[in-house]
Amino acid sequence: MPPVIEVEHLQKRYGSLEAVKDVSFSVEQGEIFGILGPNGAGKTSTVECVQGLREPSSGSIRMLGIDAIGQRSQLRGRIGSQLQESALPDRMKVWEALDLFASFTTGGPDWKVLLEQWGLTEKAKTSFADLSGGQQQRLFIALALVNEPEVVFLDELTQGLDPGARRVAWDLIREIRARGATVVIVTHYMDEAEQLCDRLAVISGGEIVATGRPQELIANSERGIKVRFSTQQQDLTWLESIDAVSAVSRHGDAVEVTGSGPVLAMTASALVAHGIVPADLRALQPSLEDVYLDMIGSGEEADANGRVR
Amino acid sequence: MGAFAKLTWVELKLFTREPFAVIFTFAFPLIVLIVLINSFQPEEGGFGGFGEADPQDYYLASYVGVVIAAVGLIALPVHIATYRDRGILRRFRASSLAAWTIVGAQAIVGLLMAIASSIALIVFARVFYDAAMPESPGLVLIGFLVGTITFLSVGVLLGIVTRNARGAQAVGMMLFFPMFLMSGAGPPRDIMSSGMRSVSDVLPLTWVVSSLQNPWLGEDMEWSNLILLGGLLAVCVVLSMRLLRRV
């Protein structure tokens, strides 16, 4: 099955500012795909170009087999959007918003069902401005689904939500995918990316610096995985000949093996083969946040002029 | 109901929930009308340079113009700028609704509100002050429609070019009050100094007020004013269409 979204060499300039330099990625059918990156990295510009809300300066975008730049009008009815920094009129009531947005499309589910599913029935007659942040976000998701889209874009959906509300939002996003849609989310929350996304693209400075499953990004990171155990056996040089191992160090009985990818499994089987069965064998993985900060160049580093990068 | 009709209906409801817009469109012209009618005692006819006109006749005709200016210069631009500023327009665009559709629905609401407010003024002035009804209703209606549509186009343009809702409100007020005071809706033009009158001559609201007052009070329509309004309309529409694509 061809990818649902294929972006190739996307570039977007605003005057002299190059917001997106060179971005290519693809999203498969039924995935929750995350776009991760620091503020100003070009995440929103990228997804807004993909949604046809902005004109790319160059590059190609295909969505659902259609040229998303040249024939974007054919796509509008098939995608659902939740935008960053968007709003509804303060005095528009919840039911009016759903009823209105449902009238822009043909087909699609009955909006009263969406009202129910997203827990807004009791708030149907409440004005947008009187909703809590979480309720507003739920309304935005419901509006994004009102045309029964095949691809849903959610830009910083959980921004400003309390931890409980974020968990609820994650469940709702999984539910969207369970109904068969492909979901693209933009976020800068690591836990969100790790828990929710099947695959991630990390954007920094207008370019993709990494793509892959969250676990792949961690396993392949330069920080490596540390495997620790204790043994009284002195000669462990054979551990260094394992492919996935890059270094072995020890302090007394405590041994630390550094490596990448399947280093834990390889080390474990080698230990067993040599008759060593430590009870405290464990792997320490860097967190996605560590790996992410390495990729984007951690915010702590300042450049020559003293500006924080 | 189709999407555009539904959008217009929702916009109409939203307008009536907006105290600022409702006050400026309905209450303000009515209050100033009452104050002005009561400030001037009826003379022996001929108020404001019109043959048999009493103050209430003169001011009723000009206050329909004030309604038009209030909708076009204040209510509509603030509304459109708010939509732009807060990302409401973007949200609609993401659901494949073109910006001009939304602005168009808002302009239609503006027209309906101007009509409703003008009718309220006329009924009020008729019942309480026995004000004169138009001598040439057909021509008054033409003046009203051309004036309203032109001022709505000015409102759309202001809503697009101003930075945000506050900016739109400031610019709208700055245009509204001088025009309101110098278009003949405040002091009658025939008592203005010649310098003040030449400023008044170039104010679009003066063209509207004249296109309402003349046929209302039995004078000849000055078609040149309608042509000027038409020119202003064309400029605003062309500029708005261009700028809206970039919103």
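How many of the 309 residues of chain A count as buried? The share is 38%, where buried calls for 20 or more other C-beta atoms, placed from the backbone, within 10 Å of a residue's own.

## Ground rules

This is a predicted model, so local features need pLDDT of at least 70 and side-chain atom pairs count only at pLDDT 80 or more, while totals for chains, interfaces and linings use all residues. Residues are numbered from 1 along each chain as its sequence is written, with chains lettered from A and ligands numbered from 1 in the order in which they are written.

## Chain A overall

Chain A has nine helices and 14 strands; these are DSSP runs numbered from the N terminus, H or I over at least four residues for helices and E over at least two for strands. Its C-alpha atoms fill a box of roughly 75 × 45 × 45 Å along the principal axes. Take the contacts in chain A with a separation of 6 or more: 67% of them link residues 24 or more positions apart. Contact here means C-beta atoms, placed from the backbone, within 7 Å.

## The four-stranded sheet

Chain A holds an open sheet ordered β12-β13-β11-β14, with antiparallel pairing; strands pair if DSSP finds at least two bridges between them. At the edges sit β12 (245–251) and β14 (282–284) of chain A, each pairing on one side only. From one strand to the next, the twist averages 25°.

β13 (residues 254–259) of chain A is joined to β11 (residues 225–230) of chain A by six bridges, and six bridges also tie β13(A) to β12(A). On the β11 side, F229(A) partners V255(A) and I225(A) partners G259(A). On the β12 side, A247(A) is opposite T258(A). The β12–β13 hairpin of chain A has two residues between the strands, and G252(A) takes a positive phi near 65° there.

Which residues of β13(A) point to the buried face? They are V255(A), V257(A) and G259(A), whereas A254(A), E256(A) and T258(A) point the other way and are not buried. That's the usual pattern: in a regular strand the side chains alternate between the two faces of the sheet. Helix α8 (residues 263–273) of chain A lies across β11, β12, β13 and β14 of chain A, at about 25° to β11(A). Angles run from 0 to 180 degrees between N-to-C directions, and axes are lines fitted to C-alpha atoms, for helices over the stretch in contact.

## Two helix pairs

In chain A, α2 (residues 94–103) and α4 (residues 133–144) pack at about 20° with axes 10 Å apart. That makes α2(A) roughly parallel to α4(A) (under 35 degrees; over 145 is roughly antiparallel, 65 to 115 roughly perpendicular, the rest oblique). V94(A), A97(A), L98(A) and F101(A) of α2(A) meet L139(A), A142(A) and L143(A) of α4(A). By class, this contact has seven nonpolar, no polar and no charged residues; Ala, Val, Leu, Ile, Met, Phe, Trp, Tyr, Cys and Pro count as nonpolar, Asp, Glu, Lys and Arg as charged, and the others, Gly among them, as polar.

Over in chain B, the axes of α5 (residues 99–129) and α6 (residues 137–161) come within 10 Å and cross at roughly 135°. α5(B) and α6(B) are therefore oblique to each other. Their contact divides into six nonpolar, three polar and no charged residues.

## Where the chains meet

18 residues of chain B are in contact with 18 residues of chain A. On the chain B side, α1 (3–16) and α4 (88–94) each supply at least two residues. That side has eight nonpolar, three polar and seven charged residues.

Note on methods: Two residues are in contact if their C-beta atoms, placed from the backbone, lie within 7 Å. A residue is buried if 20 or more other C-beta atoms lie within 10 Å of its own, exposed if 12 or fewer, and partly exposed in between; C-beta atoms are placed from the backbone.
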